[in-house]
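Open the model in your viewer and keep the sequence panel beside it. This tour tells you what to select at each stop and what is there.

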Amino acid sequence: MASVASFRVFLPNFVLNSVYKSRNPAQIQCLAAPDSSIVSSDSVVVNGASVIGDKAGIEPLINGENRRLGSYFEEKKNTAKDDGDEHLEVLWDDGYGTDTVKDYLEISKEMIRPDGGPPRWFCPVSCGQPLKDSPVLLFLPGIDGVGLGLISHHKALGKRLVTFVEKTVRLEHASSPNKPIYLLGESFGGCLALAVAARNRTIDLVVILVNPATSFERSQLQPLLPILESLPDGLHFTVPYLLSFIMDFSLLSSYGCLLTPGDPLKMAMINIDSTFPPRLVLDQLSRNLTALLPLLSNICNRLNTCGNIEQGLSDIIPKDTLLWKLKLLKSAAAYANSRLHAVKAEVLLLASGKDNMLPSGDEARRLWNSLQNCRARYFKDNGHTLLLEDGVNLLTIIKGALKYRRSRRRDYISDFLPPSMSEFRRTFEQQNGLLRFGASPIMFSTLENGNIVKGIAGVPNDGPVLLVGNHMLMGLEVGFFIEEFLREKNIVVHGLAHPELFLERLATPTDEFSFLDWTRIYGAVPVTASNLFKFLSKKSHILLFPGGAREALHRKGEEYQLFWPDQPEFVRMAARFGATIVPFGVVGEDDIAESSRMLVLDYDDMMKIPFLRDHIKETNLNAVRARTGMTGEVANEDLFVPVLFPKLPGRFYYLFGKPIETKGRENELKNKENANVVYLQVKSEIERILSYLIKKREKDPYRGIIDRTIYRTLSAPPGQVPTFEL
């Protein structure tokens, strides 16, 4: 499958080291299609075309005297054919992890080659053709200047990569004034991105900061400046030892003259499936680490060929170059910090908890309080080189933080990007594996002839389909629901969720990537009439819980009770688009935390405790209400977290009822009384399903986790654990 990405990405190269020149051009594999050819690193995409071996064709796009820059945007306007793909397939291959730190080190030696020219833009071939109307992303790299820190994310983000300068931002804005421009700044590039945002407040910018160097004055690098300035040339060979004393440097790239403080194990794990058996994981990890050794050993080889250690180290890390870079960091940080108040752009801040170069965790708190529109994600176990480490997929983070959009206002439906295969594996095979093992969900569906079968074959493949059912406690059933439809039908089911889940009113600068981020990635949107209308018009599969928050946060003894409003509006809207309504029921919460005994504190209990009552009232004071204008118990949608005492897990059971067709009944169901008849039909069918499942599960010999574990141990091959007879 061809590479399809969500951004037009541009990367810069502004390495200014004229000492070392590579003699052997690296080969770069084009990841645009399975039959990718191998091209030289001299091949660079310029103005949408690949220029191979033509030095004149790789001139910088960003140059005050570059007359090609203006024509670049003229070409964009006149090239109507280069629209790119319009949609991504569900579970598309985002290529995450295809390129690793090994590729970073190999390609860096090519990017470091000086030619006397100014900084320039380039686009990795692996980005492929951009999606139609995708925004531009300019990557501003760290102080190494190579511009390859995104190498693990090229294919996922890609559609054209470039990187640097205010002039580029303004010209891109003039070309596409209704699209946002993404500035991705890593370390030093973070300072640059903030400075550009502060100077261009009227341009729609989305700034993504990755361990920004705005904290340079409080970093362990700052004391090096006076030492380097006073250090005699004859003692320059002591610099690496000073650096290793001050910081825990894990990698040293001789080609890029780059010191990379990161976690070598996380870097080496980036292309390893953690669901493999431990022996295979360790074997692949060993091979990845071994593959890095030849690249890192070039330091020693170059020292040997230079004849003496002083000359060798001066060649690899020239004193003047290192001093210049540190001064550049200092001035960039000071400039950006002096203009934080002027930054009006959206900011997404990614901070590492184990950054040995900069105090990124503390800096995240400072920037979060200083910037006007900032959202943060904290990675407590990662180092400075966050984008090169395993488990950090930049596109996934952008989507989960609700920062991906293609116009001035984010649209939950048109800006939705379907989950990729790497996201699916991480969510349901790595993170949710233990939960699946404990709950062992089993699903049934009803065919048109009324027969109940195992699986979801009875749910129509063609939309629009409106899946209507009951909420269990805390919405525990939703994850397995989404997973099954992706596995069996390759269909994204869009859940209509409470609007508060998308506002992050209680956000902090140390928020980690969480369950809420994943719900957004898998298509959940705020429950509104307009969103339901849009999904139905796009023939989507939609998941609706009429009981809402009141049903998901029910009280003791209320399990499997429906709290529905007396408004059949979803029936009338479904009929307008001829949608199929599929009622369903799910039971099993009382096998995880039995409400009557294991729900320690529910809403009623908490409201009797003064400090908990005050906390709930304060939390819900300005909360968005999904059921405005309603009265009674169904209107009580205060949000809170109940106190549970879990029990030895049982099992989740799902049953989809017989589909109810509304096609051809639009005029009939416009009448509110007729719509109410269908509404009550759906509700009574769900209640019947719940009673059926509660009764049938008593005959399941593998309802308990101990029985299921014994079955899994003895069965060969290990398939899905059986259940009751239909």
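**Stop 1: a pair in one helix**

Select Arg-170 and Glu-166. Both sit in helix H4 (residues 166–175), four residues apart, about one turn of the helix. Helices here are DSSP runs of H or I with at least four residues, strands are runs of E with at least two, and both are numbered from the N terminus. This is a predicted model: local features need pLDDT of at least 70, side-chain atom pairs count only at pLDDT 80 or more, and totals for chains, interfaces and linings use all residues. Residues are numbered from 1 along each chain as its sequence is written, and side-chain values use heavy atoms, with hydrogens and water left out.

Now show the side chains. Arg-170 and Glu-166 form a salt bridge, with the closest N and O atoms 3.3 Å apart. A salt bridge is a side-chain nitrogen of Lys or Arg within 4 Å of a carboxyl oxygen of Asp or Glu. Why can such side chains pair? Opposite charges can do so when their charged atoms come close.

Is Glu-166 buried or exposed? Glu-166 counts as buried, because its relative accessibility is 15%. Arg-170 counts as partly exposed at 41%. The cut-offs are these: buried means under 20% relative accessible area, exposed over 50%, and partly exposed in between (1.4 Å probe, protein chains only).

**Stop 2: more salt bridges**

By this rule there are 28 salt bridges. Select Asp-411 and Lys-534. Their side chains meet in a salt bridge at 2.8 Å, N to O. Asp-411 lies in the loop between helix H14 (394–400) and helix H15 (421–431), and Lys-534 lies in helix H19 (residues 529–537), so the pair ties together parts that are 123 residues apart in sequence. Lys-534 is partly exposed, with a relative accessible area of 30%.

Next, select Glu-668 and Arg-665. They form a salt bridge too, and the closest N and O atoms are 3.2 Å apart. Glu-668 is partly exposed at 38% relative accessible area. Arg-665 is partly exposed at 24%. Then pick Arg-375, Arg-377, Glu-504, Asp-517 and Arg-520. Salt bridges that share partners join these into one network.

**Stop 3: an enclosed helix**

Select residues 188–199. This is helix H5, with twelve residues. From first C-alpha to last it reaches 17 Å, close to the 16 Å expected at 1.5 Å a residue. The expected span is 1.5 Å times one less than the number of residues. How many residues of H5 are buried? Eleven of the twelve are, so H5 is largely enclosed by the rest of the structure. Among them are Phe-188, Cys-191 and Leu-194.

**Stop 4: the nonpolar cores**

Select Leu-350, Leu-467, Val-468, Phe-481, Phe-570 and Phe-656. Of the 91 residues in the largest nonpolar core, these touch the most other members. A nonpolar core is a set of buried Ala, Val, Leu, Ile, Met, Phe, Trp, Tyr and Cys residues joined through side-chain atoms within 4.5 Å. Helix H26 (residues 672–696) gives the most to this core, with eight residues. Another core lies apart from it, with 46 residues, including Leu-138, Ala-193, Leu-225 and Ala-345.

Zoom in on Val-468. Not counting residues up to four places away in sequence, Val-468 touches ten residues' worth of neighbours you can light up, including Leu-544, Trp-564, Phe-570 and Ile-686. Contact means heavy atoms within 4.5 Å.

**Stop 5: partners far along the chain**

Select Ile-521 in helix H18 (residues 515–521). Ile-521 is buried, with a relative accessible area of 1%. Its C-alpha is 8.2 Å from that of Phe-416, and the two are 105 residues apart in sequence. Leaving aside neighbours within four places in sequence, Ile-521 contacts Thr-396, Phe-416, Pro-419 and Phe-513, among others.

Now select Asp-93, in the loop between helix H1 (68–78) and helix H2 (101–111). The C-alpha atoms of Asp-93 and Pro-419 are separated by 9.5 Å, with their positions 326 residues apart along the chain.

**Last stop: the whole protein**

Zoom out. The protein has 27 helices and 26 strands. Of its 726 residues, 56% count as buried.
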